Amino acid sequence: MVSTANPLAEAAVAVNDLVEATPAPKRRGTLLVVDDEDGPRQSLRVIFKGEYDLLMAEDGPTAIELAQKHDIDVAVLDIRMAGMSGIEVLERLKCVKPEMEAIMMTAFETTDTIRQALRLRACDYINKPFDIATMRDAVNQAMQRRKLESEIHSNAEKVQDLLVELQNQRIEEQIAKTRSDIYASIIHDINGPLAVIAGFVQVLNQRLDHSSRLEPEDLEFIKNRLGIIARQAGNCIEISRRYLGFLRRQPAESAPGVSVNQLLRDLEQIVRVHPSLLENEFDIMPLAGDAAVKINGTDVIQILLNLAVNAFQCASQPHRVEISGEALPAPLDLRKFKDGPHDRLLNIEGLDNTAPLVKFLVSDTGPGIPPEVLPKIFQPYFTTKEPRQGTGLGLNIVQRLIKQGNGALHCHTRAGEGTTFTIYLPGVELAK
Ligand SMILES: Nc1ncnc2c1ncn2[C@@H]1O[C@H](COP(=O)(O)OP(=O)(O)OP(=O)(O)O)[C@@H](O)[C@H]1O
Ligand SMILES: [Mg+2]
């Protein structure tokens, strides 16, 4: 099959292939003869018996009964018959088989009767007694027309089926892609807590290796580290549970009003032992007064951790990374937000801009993001890191979590001056 960019053209080519590949089983046409005189019925039988399947009716009711039981392509009807007239039979037959072609046989009919027959979509009329060649031509042409019409009809149905199939295939592909993106996201986000767990297990092992007996301070040390490990393992479970819930299309649970300062303390614990911290300077500043956000606490930690890790990894030489928060008592003035070579906005139009709001800042003194890179940073799998160093999923996850939580993001960056990501999230009453 020739591949083209246009799906309709592809469908048409595919239908041709399909039609050629599966030719319809050959069926002889079926001809119905309706005449109350035996003579013409027998003549027509002799003329057409070699070419078509024949059905003979001597009156209207028999003709209608036959039409209900058989596929009829063409009918030849005498107009003048005892009982039901040919016109009446034609009208009734067209109700049963609207696609059937009809040829009327006329003797002394007025033009009015003929007009009436044509209105009922009779395709031809022939004078009686008929001439064999004329009759043969009329019936063959009517049969040909029926054949073409039924081919067009079945091809149109096939095109329709194929379009539905293409559509379904596209939906399937979309679902498969979403699934693989989600699996990649789970792995990406679980990596952070797993690195922390692995680090602490190593620390514990070293401590245990060097002591033959456990002193009370050793026990305290171990208990504290095990607490962190348990929290990180809980984070892994929470992350996978939420993603898997998304795969099963369960709506995200509405989050309780978790204290932002508690979240920042949890985040600090993770960051302080995170492998990407290295020699970098790191500071995390709580809110002056506490506040709470509407979105799930794990989502906030995931957003801030992804941004902090990016900030640590943006330069190989030591630099400074800072995280801070602020409660905003009034809605934002959205007019002051503008995209530009040094500014990138995300979901400003989707922000639930009702007070209270909570603002988080993640800033670094790294090299900044070049204007040609800035528009791409939220694209899935976009990374400027070396192969195997980054998946390019971090900011895509951040983007999804922010949109899901009806929040917004502003990235401000300048070469040589560093980068600041500002996140705005809808706030709620702090749970007592
Ligand atoms: N603070 C920052 N300073 C400079 N560049 C940044 C910063 N944050 C993000 N970027 C740029 O955005 C790109 C995409 O970031 P993203 O978090 O999506 O993926 P990644 O960090 O490259 O990979 P992964 O998150 O899997 O480690 C980065 O490769 C980098 O070029
Ligand atoms: Mg990243």
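**Close-up views of a predicted model**

**View 1. The neighbours of ligand 1.** Of the 18 residues around ligand 1, those that come nearest are Asn-310, Thr-383, Thr-384, Lys-385 and Thr-391. This is a predicted model, so please read each view with that in mind. Sorted by class, the shell around ligand 1 holds nine polar, seven nonpolar and two charged residues.

**View 2. Polar atoms facing the oxygens of ligand 1.** Let's start with a side chain: a polar atom of Lys-385 lies 2.6 Å from an oxygen atom of ligand 1. The backbone takes part too, with a polar backbone atom of Leu-395 at 2.8 Å from an oxygen atom of the ligand. Gly-392 places a backbone N or O atom 3.0 Å from an oxygen atom of ligand 1. How much of the ligand does the protein bury? Ligand 1 taken alone exposes 600 Å², and 92% of that is buried by the protein.

**View 3. The pocket that holds ligand 1.** Here we step back to the site itself: ligand 1 sits in the largest pocket. Which elements give two or more residues to the shell around the ligand? They are α9, spanning 297–313, and α10, spanning 394–404.

**View 4. A salt bridge between Glu-101 and Arg-145.** The model has a count of 19 salt bridges, and this view picks out the pair formed by Glu-101 and Arg-145, whose closest N and O atoms are 3.4 Å apart. Glu-101 belongs to strand β4 (residues 101–106) and Arg-145 to helix α6 (residues 132–209), so this pair ties together parts that are 44 residues apart in sequence.

**View 5. Two cis peptide bonds.** As background, most peptide bonds are trans. Lys-128 and Pro-129, however, are joined by a cis peptide bond with omega of about -5°. Where along the chain is Pro-129? Pro-129 has its place in the loop between β5 (124–127) and α6. Another cis peptide bond joins Ala-355 and Pro-356, where omega is about 0°. Pro-356 is found in the loop that runs between β10 (343–346) and β11 (357–364).

**View 6. The backbone at Tyr-381.** Most residues other than glycine have a negative phi. What is phi at Tyr-381? For Tyr-381 phi is near 70°, a positive value in a residue other than glycine. Tyr-381 has its place in the loop between β11 and α10, and α10 is one of the elements that give two or more residues to the shell around ligand 1.

How values were computed:
Residues are numbered from 1 along each chain as its sequence is written. Chains are lettered from A and ligands numbered from 1 in the order in which they are written. This is a predicted model: local features need pLDDT of at least 70, side-chain atom pairs count only at pLDDT 80 or more; totals for chains, interfaces and linings use all residues. Side-chain values use heavy atoms; hydrogens and water are left out. A residue is near a molecule or strand if one of its heavy atoms lies within 4 Å of it. A polar contact is a pair of N or O atoms within 3.5 Å; within protein, one must be able to donate a hydrogen and the other to accept it, and residues adjacent in sequence count only if both atoms are side-chain atoms. Accessible areas come from the Shrake-Rupley method with a 1.4 Å probe; for residues, only the protein chains shown count as cover. On a 1 Å grid over the protein atoms alone, a cavity is a set of points where a 1.4 Å probe fits but cannot get out, and a pocket is an open set with protein on both sides within 12 Å along at least five of seven lines; lining residues have an atom within 4 Å of a point. A molecule sits in a cavity or pocket if more than half of its atoms lie within 2 Å of its grid points. Helices (H or I, at least four residues) and strands (E, at least two) are DSSP runs, numbered from the N terminus. Ala, Val, Leu, Ile, Met, Phe, Trp, Tyr, Cys and Pro count as nonpolar, Asp, Glu, Lys and Arg as charged, and the others, Gly among them, as polar. A salt bridge is a side-chain nitrogen of Lys or Arg within 4 Å of a carboxyl oxygen of Asp or Glu.
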